[in-house]
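Dear colleague,

I am handing over the structure below, followed by an account of what was found in it. Please read the two side by side.

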Amino acid sequence: MLETRRDQLTALAAGSGVFLVSAALAWDDNVPPGEEPLFEFINGWPDWIAWPLYPVMQFGMVVAPFVAGAVAWYLTRKRQPALALVSTGFGMWLVAKLVKLVVDRPRPGGLQLDEVINYRIDGGPDGLGFVSGHAAVGFVIAVVASPYLPKRWAAVLWALATGAATLRVYVGAHLPLDSVGGAGLGIAAGAVALLIVRRR
């Protein structure tokens, strides 16, 4: 998975495209048709799943790249993938902060949405929404680690990244485009990291 240069270039183009389209749609506090009903659907999932799924959401937290890098070093004894996970993952967390300032779209609680928002655990009305840093970091980890893992374990990482991005919508912290844009950004950044590391 993402082992060839062609695959990595495809991931770079696809991720960049998803991020740019999502940013354009979210620009100027816009909530496109269809995004609000999707948010309502995901945010309306039952409360009891919040705590059991909370660890999945942490796959995209700021310390996750450091944990992933340590695990990569322990399993492979290869310096390059471990450093790529740490530097690209943490760098993506910083880039997501910058993107939030540029796009300047509030979290769901700061927008005029029709439905009542269910806030759970890390969710809340304050701050900026686009992009989701959890989504960006989670997908960086999945992309960078994939070529070094058996396909079934790589699929687990992609599932965790998708779960983290979706759960950020569930807890009321982000609208769907925030997570989709974060996923695209993370995939693009991870592909760039692989192009550099695998070339060396």
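The side chains of Asp178 and Arg105 meet in a salt bridge, with 2.9 Å from N to O, in what is a predicted model. Asp178 belongs to helix H8 (residues 176–199) while Arg105 sits in the loop between H5 and H6, so this pair ties together parts that are 73 residues apart in sequence. Both Asp178 and Arg105 are buried. Salt bridges with shared partners join Glu35, Arg105 and Asp178 into one network.

The other contact in that network is the salt bridge between the side chains of Arg105 and Glu35, at 3.0 Å from N to O. Because Arg105 lies in the loop between H5 and H6 and Glu35 in helix H2, the pair ties together parts that are 70 residues apart in sequence. Glu35 is buried, as is Arg105.

A search of the whole structure finds 3 salt bridges, and the one still to be described is formed by the side chains of Asp47 and Arg120, at 2.7 Å from N to O. Asp47 lies in the loop between H2 and H3 and Arg120 in the loop between H5 and H6, so here the parts tied together are 73 residues apart in sequence. The two partners differ in their surroundings: Asp47 is exposed, with a relative accessible area of 55%, whereas Arg120 counts as buried at 7% relative accessibility.

Next, the backbone. Asp104, placed in the loop between H5 and H6, comes just after H5 and takes a positive phi of about 60°, although Asp104 is a residue other than glycine. At 43% relative accessibility, Asp104 counts as partly exposed. Asp29 likewise has a positive phi of about 60° without being a glycine; its place is in the loop between helix H1 (5–26) and helix H2 (35–43), and at 37% relative accessibility Asp29 counts as partly exposed. You will also want to look at the peptide bond that joins Phe130 and Val131, which is cis, with omega at about 10°; Val131 is in the loop between H5 and H6.

Two of the helices deserve a description of their own. Helix H5 (residues 79–103) has 25 residues and reaches 35 Å from its first C-alpha to its last, close to the 36 Å expected at 1.5 Å a residue. The buried residues of H5 include Pro81, Leu85, Thr88, Met92, Ala96, Val99 and Val103, and Lys100 is also among them. Helix H6 (residues 133–145) has 13 residues and reaches 18 Å between its first and last C-alpha, close to the 18 Å expected. In H6, 13 of the 13 residues are buried, so this helix is largely enclosed by the rest of the structure.

On the surface, Val63, Phe66, Val67, Val71, Tyr74, Leu75, Phe90 and Leu94 form a nonpolar patch, with about 770 Å² of accessible area together. Helix H4 (64–76) and H5 are the elements that give two or more residues to this patch, and H4 gives the most, with 5 residues. Tyr74, whose place is in helix H4, is exposed, with a relative accessible area of 60%.

Which elements give two or more residues to the lining of the largest pocket? About 370 Å³ of space lies in this pocket, and the elements in question are H4, H5, H6 and H7. The pocket is lined by 17 residues, of which Ala68, Val71, Ala145, Leu149 and Leu157 lie nearest its centre. H4 gives the most to this lining, with 7 residues.

As for enclosed space, a search of the whole structure finds 1 cavity of 30 Å³ or more, and the largest cavity has a volume of about 30 Å³. The residues that line the largest cavity are Ala50, Leu53, Tyr54, Met57, Ile121, Leu167, Tyr170 and Val171. Helix H3 (50–57) and helix H7 (151–170) each supply at least two residues of this lining, and H3 gives the most, with 4 residues.

One distance may help with orientation: Gly44 and Ala145 are 33 Å apart in space, C-alpha to C-alpha, and 101 residues apart in sequence. Gly44 is found in the loop between H2 and H3 and counts as partly exposed, at 48% relative accessibility.

With best regards

Key: Residues are numbered from 1 along each chain as its sequence is written. This is a predicted model: local features need pLDDT of at least 70, side-chain atom pairs count only at pLDDT 80 or more; totals for chains, interfaces and linings use all residues. Side-chain values use heavy atoms; hydrogens and water are left out. The expected span of a helix is 1.5 Å times one less than its number of residues. Buried means under 20% relative accessible area, exposed over 50%, partly exposed in between (1.4 Å probe, protein chains only). Patches are made of residues with over 30% relative accessible area and no salt bridge: like charges are joined within 9 Å, nonpolar side chains (Val, Leu, Ile, Met, Phe, Trp, Tyr) within 5 Å. Accessible areas come from the Shrake-Rupley method with a 1.4 Å probe; for residues, only the protein chains shown count as cover. A salt bridge is a side-chain nitrogen of Lys or Arg within 4 Å of a carboxyl oxygen of Asp or Glu. On a 1 Å grid over the protein atoms alone, a cavity is a set of points where a 1.4 Å probe fits but cannot get out, and a pocket is an open set with protein on both sides within 12 Å along at least five of seven lines; lining residues have an atom within 4 Å of a point. Grid points are joined across faces, edges and corners, and a volume is the space filled by probe spheres set on the points.
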